[in-house]
Amino acid sequence: MEPARPRRLEVALAVAVLGLVAVALLTDPGSPARAVLTAGCALVVAALVLAAGRWPLPALLATAAVLVLYYALDLPAVGLAAPMAPVLYLAAERGRVLAAAVVGAGLLAVSVGVRLLEGDDLTVLLTFGLVTDAALMTAVIALGDAVRSRRVAQAEFARRAAAADEERRRDAARQVDAERVRIARELHDTLGHTMSIVTMRSAVAQEALADRAYAEVGASLDAIRAASGGAMTELRATLGTLRAEAGREPAPGIDQLPALAERVRDGGLPVDLRVAGEVDALPVVAGTTAYRVVQEALTNALRHADATRAVVRVDVGAADLTLLITDDGRGGPPGHAGDAGHGLRGMAERVELLGGEVAAGPGVDGGYRVHARLPLGGGAA
């Protein structure tokens with residue numbers, strides 16, 4: 001973006017041009033009219049230097065024209081490269097390197113031609129005057145271009161750094177969202193299952209109290225206490241991840257399915273559990289996912305399906321792990337709404353993260369059926 005007003009550098013260069021002409025006037029004052037013309041030309045060149053930051057090409061051409069006029073009027077000698085250098089530098093700094101080089105070379109060519117016509121010695125002219133002026137002009141153009149290139153590089157570096165920061169921020173936000181979903185899924189799986197048992201057993205206890213069947217009340221309270229204790233254990237493990245204390249409690253796996261089935265039985269739903277295959281070398285993440293799928297399916301059967309029996313089949317093969325959970329209820333949660341909808345979605349997300357697939361829906365003979373397959377990468381190890 002072009003500056004709205006001259007920078008301090010441009011002001012300093014304009015002052016330097018005025019000082020150069022002032023020294024020339026002190027050395028060769030001449031007549032008052034000549035001094036006025038010299039001062040006028042100096043002021044014009046200084047003004048062009050101040051304008052070169054915003055309009056580099058017009059300032060470059062105008063300065064060259066003023067210098068030609070300056071020497072045509074036979075005003076005090078100030079050299080050619082020195083008064084032209086500030087505008088050449090500023091033009092190159094603004095990206096007009098080729099224009100600066102062409103104008104500088106043109107001025108040198110005009111100067112050499114005029115001085116040859118005036119009878120100056122060609123050897124001396126080429127050896128001293130031309131080489132010195134050309135070297136100074138080349139140096140200031142190169143310096144201006146180098147400053148511009150450095151500024152562009154810094155801007156690009158800043159842009160890339162900002163883009164990298166934004167990408168890191170987005171990646172962190174994605175990770176936070178993923179962790180939030182994971183924790184919500186864990187809490188749903190843990191608390192949803194427990195609350196199903198508590199709700200069922202509370203209803204049983206309430207009916208037992210009305211019938212004065214105190215033994216049944218005690219059994220229901222024991223089931224509620226056991227389910228609550230198990231939920232607290234899993235809840236501590238889940239919340240431990242928020243305090244960087246993950247690992248205090250092991251993640252549930254296939255080996256905990258019997259305890260899960262027993263809790264569901266205590267909640268009032270008989271469960272037939274069978275596990276086949278080598279489960280000892282099963283990857284932890286696959287075991288945990290299988291546990292959560294079975295837990296969610298049984299929770300839905302317990303809470304929504306009015307089932308009287310559930311069957312769980314787990315088969316660990318060489319290449320994959322398959323799960324089949326069926327019940328004889330009324331076909332699953334209507335419309336998969338509410339908590340059940342979140343649970344089924346969380347079940348599918350867990351399985352898909354491992355590259356597996358899950359299908360849930362009414363069974364052929366009624367009830368509800370959940371079938372899932374988890375690939376084990378060629379083996380259970």
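1. The lining of the largest cavity is made up of 10 nonpolar residues, with no polar and no charged ones. The model in question is a predicted one, and the space inside this cavity comes to about 60 Å³. Its lining residues are Val17, Val21, Cys41, Ala42, Val45, Val66, Leu67, Tyr70, Val78 and Pro83, and at least two of the lining residues are supplied by each of helix H1 (8-27), helix H2 (32-51) and H3. In the structure as a whole, the count of cavities of 30 Å³ or more is 5.

2. Thr38 is worth reading together with that cavity. Thr38 sits in helix H2, and it counts as buried because its relative accessibility is 0%, where the cut-off for burial is under 20%. Once residues up to four places away in sequence are set aside, Thr38 touches Val21, Leu25, Tyr70, Leu75 and Pro76. Val21 and Tyr70, both contacted by Thr38, also appear in the lining of the largest cavity.

3. Tyr70 leads on to the aromatic residues. A search through the whole structure turns up 1 aromatic pair, and this pair is formed by Tyr70 and Tyr71, whose rings are arranged edge-to-face, with 5.4 Å from centre to centre and 80 degrees between the planes. Why do the planes of Tyr70 and Tyr71 count as edge-to-face? The angle of 80 degrees is over 60, so the pair falls under that heading.

4. The two partners should be described separately as regards accessibility. Tyr70 has a relative accessible area of 3% and is therefore buried, whereas Tyr71, at 34% relative accessibility, counts as partly exposed. Tyr70 belongs to the lining of the largest cavity, while Tyr71 belongs to the lining of the second largest pocket.

5. The second largest pocket has a volume of about 390 Å³. It is lined by 14 residues, of which Tyr71, Leu80, Ser111, Val114 and Arg115 are the closest to its centre. Helix H3 (56-72) and helix H5 (97-117) are the elements that give two or more residues to this lining, and H5 provides the largest share, with 5 residues. By residue class, the lining of this pocket divides into 8 nonpolar, 2 polar and 4 charged.

6. The record can be set beside the model here, with the caution that the entry is unreviewed. UniProt lists residues 9-27, 33-52, 59-85, 97-117 and 124-144 under "transmembrane region". For the listed span 97-117, the chain in the model is 100% helix and 0% strand, and the C-alpha atoms at its ends are 30 Å apart. For residues 59-85, the span is 70% helix and 0% strand, and the end C-alpha atoms lie 12 Å apart.

7. A further point concerns Ala372, which lies in strand S5 (residues 368-375). Is Ala372 buried or exposed? Ala372 counts as buried, because its relative accessibility is 0%. Leaving out neighbours within four places in sequence, Ala372 is in contact with Val293, Leu321, Thr322, Leu323, Val351, Glu357 and Val358. Ala372 and Ala359 are 13 residues apart in sequence, and their C-alpha atoms are 6.3 Å apart in space.

Key: Residues numbered from 1 in each chain as written. Predicted model: local features only at pLDDT ≥ 70, side-chain atom pairs only at ≥ 80, totals over all residues. Heavy atoms only, no water. Helix = DSSP H or I, 4+ residues; strand = E, 2+ residues; numbered from the N terminus. Buried < 20%, exposed > 50% of the residue type's maximum accessible area, 1.4 Å probe, protein only. Contact = heavy atoms within 4.5 Å. Phe/Tyr/Trp six-rings, centres within 6.5 Å; stacked < 30°, edge-to-face > 60°. 1 Å grid on protein atoms, 1.4 Å probe; cavity = no way out; pocket = protein on both sides within 12 Å on 5 of 7 lines; lining within 4 Å. Points joined across faces, edges and corners; volume = space filled by probe spheres on them. Nonpolar A, V, L, I, M, F, W, Y, C, P; charged D, E, K, R; others polar. UniProt positions renumbered as here; feature names shortened; annotations may be inferred.
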